[in-house]
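Subject: Structure for you to look at

Dear colleague,

I am handing over the structure below, and I would be grateful if you would keep it open beside this message while you read. My notes on what was found in it follow directly after.

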Amino acid sequence: GVPKQKHDYQSDVARLRKIVINSLYSHRDVFLRELISNANDALEKLRLTALKDKTVWDGEETLNITIKSEKNENGKGGRIIIADTGIGMTAEELTNNLGTLAKSGTTEFLQRAESSDATGTGNLIGAFGLGFYSSFLVADRVYVSSIAPKTAKNPQPAQHVFSSSAEESSFEVYPDPRGNTLGNHGTEITLVLKDDALEYLDTHTLQELVNKHSVFSSTFPIYLFTTRTEEVPEEEEMVTPEEAGEATPSEKSDAEKAKLEDDEDEDEDEAVIEELSDEKVKEKEEEKKEVKMKPVTVDEWVHLNPMPPIWLRDPKNITEEEYDLFYQATFRDFTKPIAYHHFSGDSGSGVSFKAIVFIPGTLPDSFWQQPTSITVKDVRLMVKRVFITSDLGDDSLPKWASWVKVVIDADDLPLNVSRETLQGTSFLRQIRRIILRRLIQLMERLAKEEPAKFEELQKTFGSVIKLGAIEDQGNRDKLAVLARFPTNQRNSSSLDEYLDTRKKGQKHIFYLADVGKKISELQNSVFVEKLHARGYEVFLLNEPMDEVLFQNLRMWKKLGFQDVAKAGLKFGDEDLDPEEEKEQHKELTERFRPLLDWLKKEAGDVVSNVVISNRLVTSPCAIVADVMGYTANVEKLINAANK
Ligand code: ADP
Ligand code: MG
């Protein structure tokens, strides 16, 4: 035959395989989820390619995923075969895709896995998914047979096999000795199960696994091959029970009687049972006369995901768990979303659609490192259930909202719209606007109706909301309403709540800002002291975004922001009338003149003036910024920026 090409694994793959193969027993279920999601990707790729090149797929051939388990003839061991009719792989692609690590997340996974223990690694597998390599969690040997459709780059398609065992550090790629069994395109993965993984041969186990982890992993039908025994009516010649060697009903009741007769203390019960037995006997005799049944073996492909996709279903009939599972499978994020909003609408140009907007449970690590707006990968735009693109192009979302995850399915765009033609339409711009509006609505609803979830949102996205209020002019006010800040009186307050409970006559919104300080330190600051004693609420700002936001807002509902660390602080509820206060201030200044002069002389290098203050309650003195000067906080930020 044709010589087999032998390849050594790239070193990272070898390391990864070792981690996967060693232990992780309790997480090996994930292999099925990973292989199904790869099959789904391959089918999606085929359909996308076919939008441009009809020869790849005519739109008629079935697109599906099949799962079959086979026991070995000798009763020992067996195989699972997972096949799809997707884009397939050429010999070269088999080598490159399965022998190297293309996945960006995998490198990070490796680093973390090698520095943690087995359970830690197990959790990581749950979180990252290991893709194709998870096959080796359950299989001693894996064969991937595949054929890619005929294209200019692949003029003579031929079905090839990738084969690798769990032990070897190499793999082989060779023409499939069976010839072409997969048609024009597709992939078939055969897992030769490890001796301790034979439970996966059981179709019930497989069905449960798909139901639990993968019903939402594919929008293409998934079929499982099952064999069951069914009782069917026997229409041919009547076989009497005696001939069949079965106990006749009357014989059976005789036996029952005999048994009961042994027990002499139960005369009364015996009578009752005898009566019942006679009745049953009659019933059974009648049944037997009507239809005679016989067991037969039925082979059947069971459709495991017959429900329409979740976004097309009525939200009333969808549980939170279903949304969570759908989210996790679709966005490969194994944390749960904080919240979601499922709605239908109209793009404004007559295109109706259904959509679900998800707020994820975590913010990507890289979020604060990205300089400007980034392309959104997690907006899945579909037309009539067919995935079209994740790329909103120039109309991608602003940076503050770049983490939102969305599925959106438009009803009546022509199916053959390609990414390129979409870019020119106003449709994407409308979609972007709708997503932003619905995301903000969802956050507003959490603020009003779901305090626990809103708190979770604040923990993860609090700073992001403030960033949005600074950067996104169009949504500034709505986002500022959603921003929360600690104060000297409560853990968290919105600007509106602050105004609602402000003191009578209060003309300013008071705040003290010092990035990086603990809230308790701000709380005990001399600047807050007097206001606190007088019952004023002061925002305590220790996050970088806070003071910038206040400066950007300038006013909130006609009240200006007043930095309490700046001189010239006015309360608005002065106990004394202004004339009286001026008198008192003058008198005190005269009385303490020698002290003030001395202090000014001694500290002249660092302060520009020393004055009597009315803002302190228990502290003897405070150093404040000039009305026109920078606050200590802003000066700190400037110094840091100049470094
Ligand atoms: P990922 O899916 O994150 O890319 P995997 O390890 O799961 O990583 O798969 C590696 C690559 O192998 C895929 O990106 C794809 O190119 C290829 N591949 C895997 N399974 C299939 C399949 N069923 N059909 C076509 N290509 C596949
Ligand atoms: Mg994968």
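To begin with a pair of helices, H2 passes H6 in a right-handed crossing. The contact is built from Leu32, Arg33 and Ile36 on the side of H2, together with Leu209, Val210, His213 and Ser214 on the side of H6. Sorted by class, the residues where H2 meets H6 are 4 nonpolar, 2 polar and 1 charged. The axes of H2 and H6, the latter covering residues 203-214, come within 9 Å and cross at roughly 70 degrees, and the two helices are therefore roughly perpendicular to each other. Please bear in mind throughout that this is a predicted model.

The larger framework around H2

H2 also lies across part of a sheet, namely strand S2 (65-71), strand S3 (78-84), strand S7 (186-193) and S8, and its direction runs at about 25 degrees to S3. That sheet is an open one of 9 strands with mixed pairing, and its order is S1-S6-S5-S4-S7-S3-S2-S8-S9. At its edges are strand S1 (5-8) and strand S9 (293-303), each of which pairs on one side only, and the twist from one strand to the next averages 20 degrees.

At the S1 end of the order, S1 pairs with strand S6 (residues 170-175) in the antiparallel sense over 4 bridges, and there lysine 6 stands opposite glutamate 172 in S6. S6 is also paired with strand S5 (residues 160-165), again in the antiparallel sense, over 5 bridges, with valine 161 opposite tyrosine 174 in S6. S5 and S6 form a hairpin, and 4 residues lie between them. At the S9 end, strand S8 (residues 222-233) and S9 pair in the antiparallel sense over 11 bridges, and threonine 226 stands opposite glutamate 300 in S9.

The surroundings of ligand 1

H2 appears once more when one turns to the ligand. Which helices each supply at least two residues of the shell around ligand 1? They are helix H2 (30-52) and helix H3 (91-99), and H2 gives the most to that shell, with 5 residues. There are 17 residues around ligand 1, of which Asn38, Ala42, Asn97, Gly131 and Phe132 come nearest. Divided by class, the shell around ligand 1 has 7 nonpolar, 6 polar and 4 charged residues.

A second pair of helices

Further along the chain, helix H11 (residues 427-449) and helix H12 (residues 451-471) pack with their axes 6 Å apart and at an angle of about 125 degrees, which makes H11 oblique to H12. In this case the crossing, as H11 passes H12, is left-handed. Met443, Leu446 and Ala447 in H11 meet Lys453, Phe454 and Leu457 in H12, and by class this contact of H11 with H12 has 5 nonpolar residues, no polar ones and 1 charged.

A sheet of 4 strands

There is also an open sheet of 4 strands, in the order S16-S15-S18-S17, whose pairing is mixed. Strand S16 (538-541) and strand S17 (555-556) stand at its edges, and each has a single partner strand, so one side of each is left without a neighbour in the sheet. S17 is joined by 2 bridges to strand S18 (residues 559-563), and these two strands run antiparallel; here the bridge partner of methionine 555 is glycine 560 in S18. Helix H17 (residues 544-553) packs on the sheet, where it touches strand S15 (508-513), S16, S17 and S18, and its direction makes about 150 degrees with that of S15.

The mixed character of the pairing in this sheet can be followed strand by strand: S15 and S18 run parallel and are joined by 4 bridges, whereas S17 and S18 run antiparallel. Isoleucine 509 stands opposite phenylalanine 561 in S18. Finally, S17 and S18 belong to a hairpin with 2 residues between the strands, in which lysine 557 takes a positive phi near 45 degrees.

With kind regards

Terms used:
Residues numbered from 1 in each chain as written. Chains lettered and ligands numbered in written order. Predicted model: local features only at pLDDT ≥ 70, side-chain atom pairs only at ≥ 80, totals over all residues. Near = placed C-beta within 6 Å. Nonpolar A, V, L, I, M, F, W, Y, C, P; charged D, E, K, R; others polar. Pairing = 2+ DSSP bridges. Axes fitted to C-alpha atoms, helices over the stretch in contact; angles between N-to-C directions. Contact = placed C-beta atoms within 7 Å. Parallel < 35°, antiparallel > 145°, perpendicular 65-115°, else oblique. Left-handed = near helix turned anticlockwise from the far one by under 90°.
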